[in-house]
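Subject: Structure handover and notes

Hello,

Please find the structure below. My notes on it come after.

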Amino acid sequence: MITNIDHIGIAVKSLEESIKYYETALGLHCHGQETVESQKVKTAFFAAGEVHIELLEPTSPDSPIAKFLEKNGEGIHHIALATDGIEGQLKKAADAGVRLIHEVPIDGAGDKLVAFLHPKSTHGVLTEFCQAR
Ligand code: ZN
């Protein structure tokens, strides 16, 4: 079951520069930074009420975020839906004909299991499922 919107992922060129914006202009507090090797990104998290903002900076030119930045520039990259059963959620999506980027969950930021659905089969939204371990 989907329980809530966990976070919104935003692709940025520089974490340092964008953290300044979120802290200074919006007054949000960065509550964690982490490198996610599986996705070749550095992340920074902010809480906006129940929903988090996840900034993503590529750590390598072949990172999916580097490719996204090249094509689209900075901006909203994905929406993450928290689920209490990621395997079942993936099966439900696959059964409905959705193209999965990850058929099996991978390690994500914040010690979570994550898996992505392809935006070509989700009406344009790169969708992440995430589940706390
Ligand atoms: Zn995410």
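The notes below start with the metal site and then go through strands, helices and loops.

This is a predicted model, in which local features need pLDDT of at least 70 and side-chain atom pairs count only at pLDDT 80 or more, while totals for chains, interfaces and linings use all residues. Residues are numbered from 1 along each chain as its sequence is written, and side-chain values use heavy atoms, with hydrogens and water left out.

Zinc site

Which residues are the protein donors of the zinc ion? They are His7 (NE2), Glu54 (OE), His78 (NE2) and Glu128 (OE), at 2.0 to 2.2 Å from the ion. Donors here are N, O and S atoms within 2.8 Å of the metal (3.2 Å for Na, K and Ca); water is not among the atoms, so sites may look incomplete. Along the chain, the donors have the spacing H-x46-E-x23-H-x49-E. His7 belongs to strand β1 (residues 2–11) and Glu128 to strand β8 (residues 127–132), so this pair ties together parts that are 121 residues apart in sequence. Helices (H or I, at least four residues) and strands (E, at least two) are DSSP runs, numbered from the N terminus.

The angles between the four donor atoms run from 85 to 170 degrees, which makes the arrangement irregular. For four donors, tetrahedral requires all angles to lie between 85 and 135 degrees; four count as square planar and six as octahedral if opposite donors are over 155 degrees apart and all others between 65 and 115, and anything else is irregular.

Both His7 and Glu128 are buried. Buried means under 20% relative accessible area, exposed over 50%, and partly exposed in between (1.4 Å probe, protein chains only).

The side chain of the donor His78 makes a polar contact of 2.8 Å with that of His77. A polar contact is a pair of N or O atoms within 3.5 Å; within protein, one must be able to donate a hydrogen and the other to accept it, and residues adjacent in sequence count only if both atoms are side-chain atoms. His77 is in strand β5 (residues 75–83) and counts as buried because its relative accessibility is 14%. Beyond its neighbours within four places in sequence, His77 is in contact (heavy atoms within 4.5 Å) with residues including Gly9, Leu56, Phe68 and Leu126.

Strands β1, β3 and β4

Strand β4 (residues 51–58) has six of its eight residues buried, so it is largely enclosed by the rest of the structure. Two strands pair if DSSP finds at least two bridges between them. β1 and β4 pair in the parallel sense over five bridges, with His52 of β4 as the bridge partner of His7. The pairing of β3 and β4 is antiparallel, over eight bridges, and there Lys42 has Glu57 of β4 as its bridge partner. These two strands form a hairpin with two residues between them, in which Gly49 takes a positive phi near 65 degrees.

Val41 is in β3 (residues 41–48) and, at 4% relative accessibility, counts as buried. Not counting residues up to four places away in sequence, Val41 touches nine residues' worth of surroundings listed in part here: among them are Val36, Leu56, Pro58 and Ile65.

Helices

In α1 (residues 15–24), the buried residues are Leu15, Ser18, Ile19 and Tyr22. They cover an arc of only 105 degrees around the axis, which puts them on the same side of α1. The arc is that of the directions from the helix axis to the C-beta atoms. Their cover includes β1, β2, β3 and β4, while the face turned away carries the exposed residues Glu16 and Thr24. Ser14 caps the N-terminal end of α1, with a side-chain oxygen 3.4 Å from the backbone nitrogen of Glu16.

In α3 (residues 86–95), Ile86, Gln89, Leu90 and Ala93 are buried. Seen down the axis, these fall within an arc of 100 degrees, so they line one face of the helix. They pack against β1, β5, β7 (112–117) and β8. The opposite face carries the exposed residues Glu87, Lys91, Lys92 and Asp95.

Loops

Most residues other than glycine have a negative phi. Lys40, in the loop between β2 (30–36) and β3, has a positive phi of about 55 degrees. Asp111, in the loop between β6 (106–107) and β7, also has a positive phi of about 55 degrees.

Regards
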